[in-house]
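Student: Could you take me through one part of this model in detail? I would like to see how the strands of a sheet are arranged and what surrounds a few of the side chains.

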Amino acid sequence: MDREVKGLLPVTEKELGCLFMSKAVLLGIILMFFVAASGVFYQQQVENQQKTQLVFLVDQAVQLVEQDGENAFAELRGSSWVHNDSYIFVWRIDGIRVVYPPDPSGEGKNMTGLVDSAGKPIGKLFIQTAEKGSGWVDYMWPKPGETVPSLKITYIKKAQYQNQTYLVGSGVYI
């Protein structure tokens, strides 16, 4: 059954159906793009919020270490400094770990040689970042209870107490 559409050439119902189907597919693609873009935007917002919280937490811990030195370590091992998979850790600038809430038996170990699952020298990067003042280190590390590495970002900041220099850090999985 042929029809004429406002002075255009005759168009069949099949052709009209294809035209509407093409527009529907195009609209679907555009909609999927906007949904994906909003998801990326939301993920960036969440990451920015997590980073802001880590910086705040590390800054507070640095203040405590700079005020109380080693006397602050017992408090930093406490639950008020542990949030989900994030916690405050402290190393001396020579790489000796002095606060490690997930496993206090790991305190006293030299962490300079610590590498991530891809061989990235994160122990050295933590120290270099602290020597510069502060910054972020990203690396691949398994989440607690998992074996497959995930992206983790850690904020590191230098702390000074008398003649001792420390690095204070906390990380979050992305």
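Tutor: Happy to! Let's start with a pair of strands: E7 and strand E8 (residues 149-161) run antiparallel and are joined by 9 bridges. Keep in mind that this is a predicted model. Across this pair, Trp 136 stands opposite Tyr 155 in E8.

Now widen the view to the sheet. E7 and E8 belong to an open sheet of 5 strands, in the order E6-E5-E9-E8-E7, with antiparallel pairing. Strand E6 (97-99) and strand E7 (134-142) each have a single partner strand, so they stand at the edges with one side lacking a neighbour in the sheet. On average, neighbouring strands here are turned by 35° against each other, direction ignored. Helix H3 (residues 122-132) lies across strand E5 (89-92), E7, E8 and strand E9 (164-173), and runs at about 165° to E7.

Two charged side chains deserve a look. Lys 152 sits in strand E8, and it counts as buried because its relative accessibility is 6%, below the 20% cut-off. Beyond its neighbours within four places in sequence, Lys 152 is in contact with residues including Val 137, Asp 138, Tyr 139 and Trp 141, as well as Gly 171, Val 172 and Tyr 173.

On edge strand E6 you will find Arg 97. Arg 97 is buried too, yet has no salt bridge: Asp 103, the nearest side chain of opposite charge, is 6.0 Å away. Not counting residues up to four places away in sequence, Arg 97 touches Val 90, Trp 91, Gly 106, Glu 107, Gly 108, Lys 109 and Met 111.

Methods. Residues numbered from 1 in each chain as written. Predicted model: local features only at pLDDT ≥ 70, side-chain atom pairs only at ≥ 80, totals over all residues. Heavy atoms only, no water. Pairing = 2+ DSSP bridges. Helix = DSSP H or I, 4+ residues; strand = E, 2+ residues; numbered from the N terminus. Axes fitted to C-alpha atoms, helices over the stretch in contact; angles between N-to-C directions. Contact = heavy atoms within 4.5 Å. Buried < 20%, exposed > 50% of the residue type's maximum accessible area, 1.4 Å probe, protein only. Lys, Arg positive; Asp, Glu negative; His and termini not counted. Salt bridge = Lys/Arg side-chain N within 4 Å of Asp/Glu carboxyl O.
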